[in-house]
Amino acid sequence: GSSGTPTGLVVLSSGTYVSSAATLSSGSATIAIPAGSLATGADTLTAKYTPDSSSSSTYNSASGTGSATVTAGLATPTVTVTPEETTHAYAQNLIVTTAVAGSGGTPTGSVTLSSGSFTSVATSLNNGSATFYIQPGSLAQGTDTLTVTYTPDSGSSSKFASATGTKAITISAPGSTSVAVTINTLANRHL
């Protein structure tokens with residue numbers, strides 16, 4: 001105004017959201033709106049000014065509006081990693097299944113499995129699931145962590161964020177196999 005800088009409080013509202021009162025500083029205030037407080041889509045924001053005792057003789061209460069468009073944030077899906085067993089022999093194939101689930105639909109895209117220096121090729125999800133077949137010796141002996149990383153495709157990238165899931169597994173040392181061969185030389189004699 002022409003009679004100095006107004007002092008007082010400002011409250012911002014939209015729909016069911018009402019901010020805490022913010023004190024004007026040099027005629028302005030900043031109000032941070034927490035995520036999820038406004039409805040998705042077009043919103044009208046209303047700022048209401050209330051003068052304090054220093055400004056009430058000069059300024060009346062006032063309000064103003066502005067518009068904002070709120071877009072939905074990406075959902076982070078849950079990635080479940082399920083090895084066929086949690087203790088597995090080093091010299092055997094390992095089958096690992098994974099499921100990717102999210103609210104608002106079934107995520108589409110691809111997943112990769114990694115552990116230590118091993119990383120699988122990307123595998124496409126089929127109804128939110130994928131299966132990995134890991135060759136013997138691909139994982140280090142001892143305790144390992146299987147990590148599955150989900151990457152959304154163009155059909156899911158507007159709804160779902162990338163995500164990971166993990167599962168601990170123990171790869172046991174290769175055992176030794178003893179083979180005994182008995183040859184009956186008497187049965188093979190020529191008379």
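**Strands 8 and 12.** I started with the pairing of strand 8 and strand 12, which is antiparallel and runs over six bridges. This is a predicted model, and I read it as such. For one position along the pair, I looked up Ala99 and found Ser129 of strand 12 opposite.

**The sheet around them.** Next I asked which order the strands take in this open sheet. I noted three strands in the order 6-8-12, with antiparallel pairing. Strand 6 and strand 12 form the edges, each pairing on one side only. I also looked up the turn between neighbouring strands here, and the average is 20°, direction ignored.

**The nonpolar core.** I then turned to the largest nonpolar core, which has 20 residues. Val96, Val111 and Leu113 have the most contacts inside this core. Among the strands that each supply at least two of its residues, I listed strand 6 (78–83), strand 8 (94–101) and strand 12 (129–134). Strand 9, strand 13 (142–152) and strand 14 (163–172) do so too.

I picked Val111 for a look at its surroundings. Leaving out residues up to four places away in sequence, I found that Val111 touches, among others, Thr98, Val100, Phe132, Val148 and Tyr150.

**Ser115.** My last stop was Ser115, in strand 9 (residues 109–115). Is Ser115 buried or exposed? Its relative accessibility is 7%, and the cut-off for buried is under 20%, so I wrote it down as buried. I followed the side chain of Ser115 to the backbone oxygen of Thr145, at 3.1 Å. Beyond four places in sequence, Ser115 touches Leu139, Asp144, Thr145 and Leu146.

Key
Residues are numbered from 1 along each chain as its sequence is written. This is a predicted model: local features need pLDDT of at least 70, side-chain atom pairs count only at pLDDT 80 or more; totals for chains, interfaces and linings use all residues. Side-chain values use heavy atoms; hydrogens and water are left out. Helices (H or I, at least four residues) and strands (E, at least two) are DSSP runs, numbered from the N terminus. Buried means under 20% relative accessible area, exposed over 50%, partly exposed in between (1.4 Å probe, protein chains only). A polar contact is a pair of N or O atoms within 3.5 Å; within protein, one must be able to donate a hydrogen and the other to accept it, and residues adjacent in sequence count only if both atoms are side-chain atoms. Contact means heavy atoms within 4.5 Å. A nonpolar core is a set of buried Ala, Val, Leu, Ile, Met, Phe, Trp, Tyr and Cys residues joined through side-chain atoms within 4.5 Å. Two strands pair if DSSP finds at least two bridges between them. Axes are lines fitted to C-alpha atoms, for helices over the stretch in contact, and angles run from 0 to 180 degrees between N-to-C directions.
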